[in-house]
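This report is a first guide for a reader who has not met this structure before. Please keep the sequence and the model at hand while reading.

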Amino acid sequence: MATKAEEIIALEREYVLQTYRRPDFVLERGEGVYLFDSDGNRYLDLIGGIAVNALGYGDTEILEAIEQQAKKLVHVSNLYHTEPHARLAQLLTEHSFARRVFFCNSGTESVEAALKFARKWARLSHAPSKHEFVAFAGSFHGRTFGALSTTSNEKYRVPFEPLVPGVRFATFNDLVSASEVVCDETCAVIVEPVQGEGGVNLAERDFLVGLRELCDQHEALLIFDEVQCGLGRTGYLWAHEFYGVHPDIMCLAKPLGGGLPIGATLLTERVAEAIEPGDHGSTFAANPVVCSVAQVVLRRVSDPAFLASVRSKGETLESELKCLLETFPLVTEIRGRGLMWGIELEADVRQIVQKGQAMGLLMGSAGDHVLRLLPPLTIEQEHIAQVIDKLRRILTEPES
Ligand SMILES: *Cc1c(COP(=O)(O)O)cnc(C)c1O
């Protein structure tokens with residue numbers, strides 16, 4: 001007789017569109033930083049639903065917010081006022097450079113909104129020819145047409161061409177390359193302060209400072225995509241705080257809803273003034289349940305003590321990863337900040353990820369050679385010790 005896992009996996013293979021290759025276990029429940037599959041196996045989670053589960057699994061405050069709000073009201077659409085919507089917008093602006101917030105349902109939607117708002121702003125304040133975007137090699141901004149057009153990975157782009165015209169690419173961390181493509185026709189430059197999917201690449205301070213100056217010089221907007229690196233991930237509430245550079249627009253999503261879908265596009269008043277009723281919208285966005293949960297998440301991850309703990313755990317992880325770098329020739333580089341790390345390997349990363357799964361460790365990848373770690377921000381020092389111990393064992397016998 002087939003086990004429950006075998007049955008579920010067979011159903012997935014038969015009926016679900018095959019856009020993902022999933023491992024052969026079925027996750028059933030979570031607790032803290034651990035996940036459990038249908039056979040009762042326990043996994044230490046170092047990917048956190050791709051940087052979504054910042055507060056881990058089963059957080060009581062999140063569960064209470066869901067329950068309380070769901071009993072009152074789940075959805076009414078954006079045709080009406082609701083309290084959680086307004087309060088979340090207030091909280092986001094109080095904690096950021098921004099004056100206004102547009103809500104949507106995902107990261108790619110928050111990028112779509114940012115690109116549309118930049119175009120509208122440029123159209124009102126400049127000539128119609130000012131409609132180009134500048135993005136960077138190694139970028140990932142999402143899978144819908146606008147966001148995909150600013151995403152550099154050929155594998156994601158080529159099958160769907162033609163994409164949105166008017167996007168130029170420059171080299172990440174190369175100001176000369178950026179200055180060759182940013183011009184008076186540029187309406188916005190979009191960049192991740194820490195690239196995620198591209199391999200966990202940290203922007204250099206001079207690069208972001210220089211981009212800000214280039215944008216100001218050419219009267220273009222600067223968009224920071226903090227969908228992955230924002231909301232405490234790097235040990236700062238916003239990844240750009242580390243650099244002291246402010247954008248005109250910021251995209252958020254992944255961890256904001258505590259596991260429920262939400263995206264947010266944050267804007268300065270200057271950009272917001274270009275937008276009027278009817279310019280953009282969404283049926284589901286800002287539903288009262290997700291906005292209630294997001295207030296809990298934002299309050300928790302913006303707490304200075306919480307952020308200090310992310311930085312200190314990040315330092316532990318960094319020094320442990322440095323030891324791995326010195327010990328194992330297979331490890332060629334480590335890159336990251338806070339609790340966002342990439343481990344560059346001279347090996348097929350899929351094999352390493354699979355070995356991890358067999359040993360009860362869930363890790364991500366970025367490309368073919370980078371192991372990506374995005375644990376819940378609530379991970380503790382003792383878990384980090386377990387992670388390093390398992391990584392040592394995996395790297396000792398990577399082929400077996
Ligand atoms: C994941 C991601 C997106 C897309 O978010 P989705 O919710 O998957 O649409 C956009 N930008 C960055 C930096 C991301 O990491």
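How many cavities of 30 Å³ or more does the structure hold? The structure, which is a predicted model, holds 2 cavities of that kind, and they are described below after a look at the chain as a whole.

## The chain as a whole

The chain contains 14 helices and 17 strands. Its radius of gyration is 21 Å, close to the 21 Å that the globule rule gives for 400 residues, so the chain is as compact as a globular protein of that length. Taken along the principal axes, the box filled by the C-alpha atoms is roughly 65 × 55 × 45 Å.

Of the 400 residues in the chain, 54% are buried. When contacts with a separation of 6 or more are considered, 70% of them join residues that stand 24 or more positions apart.

## The two cavities

Rolling a probe the size of a water molecule over the atoms shows where empty space is left. The largest cavity encloses about 60 Å³ of space, and its lining is made up of H75, V76, S77, N78, Y80, T82, H85, F284, A285, A286, N287 and P288. Sorted by class, this lining of the largest cavity has 6 nonpolar and 6 polar residues, with no charged residues.

The second largest cavity has a volume of about 40 Å³, and the residues that line it are L46, L317, L339, L373, P375, I379, I384 and V387. The lining of the second largest cavity divides into 8 nonpolar residues, with no polar and no charged ones.

## The second largest pocket

The second largest pocket has a volume of about 840 Å³, and among the 28 residues that line this pocket, those closest to its centre are H85, R100, V101, F102 and F103. H85 is also listed in the lining of the largest cavity.

Which element gives the largest share of the lining of the second largest pocket? That share, 5 residues, comes from α4, while α4 (83-94) and β4 (100-104) each supply at least two residues of the lining. By class, the lining of the second largest pocket has 14 nonpolar, 10 polar and 4 charged residues.

## I47 and its surroundings

I47 sits in the loop between β3 (42-45) and α2 (48-51), and with a relative accessible area of 16% this residue is buried, since the cut-off for that class is under 20%. Leaving aside neighbours within four places in sequence, I47 is in contact with L362, M363, G364, R372, L374 and P375, and P375 is also one of the residues that line the second largest cavity.

The position of I47 can be described against M340 as well: the two residues are 293 residues apart in sequence, and their C-alpha atoms are 9.6 Å apart in space.

## Cysteines without disulfides

A search of the whole structure finds 0 disulfides. Why does C104 form no such bond? The closest cysteine sulfur to that of C104 belongs to C251 and is 8.1 Å away, which is too far for a bond, given that a disulfide needs two cysteine sulfur atoms within 2.5 Å. C104 counts as buried, at 2% relative accessibility.

The sulfur of C183 is likewise too far from a partner for a bond, because the closest cysteine sulfur, in C187, is 10 Å away.

Conventions
Residues numbered from 1 in each chain as written. Predicted model: local features only at pLDDT ≥ 70, side-chain atom pairs only at ≥ 80, totals over all residues. Heavy atoms only, no water. Buried < 20%, exposed > 50% of the residue type's maximum accessible area, 1.4 Å probe, protein only. 1 Å grid on protein atoms, 1.4 Å probe; cavity = no way out; pocket = protein on both sides within 12 Å on 5 of 7 lines; lining within 4 Å. Points joined across faces, edges and corners; volume = space filled by probe spheres on them. Helix = DSSP H or I, 4+ residues; strand = E, 2+ residues; numbered from the N terminus. Nonpolar A, V, L, I, M, F, W, Y, C, P; charged D, E, K, R; others polar. Contact = heavy atoms within 4.5 Å. Rg over C-alpha atoms; globule rule 2.2 N^0.38 Å.
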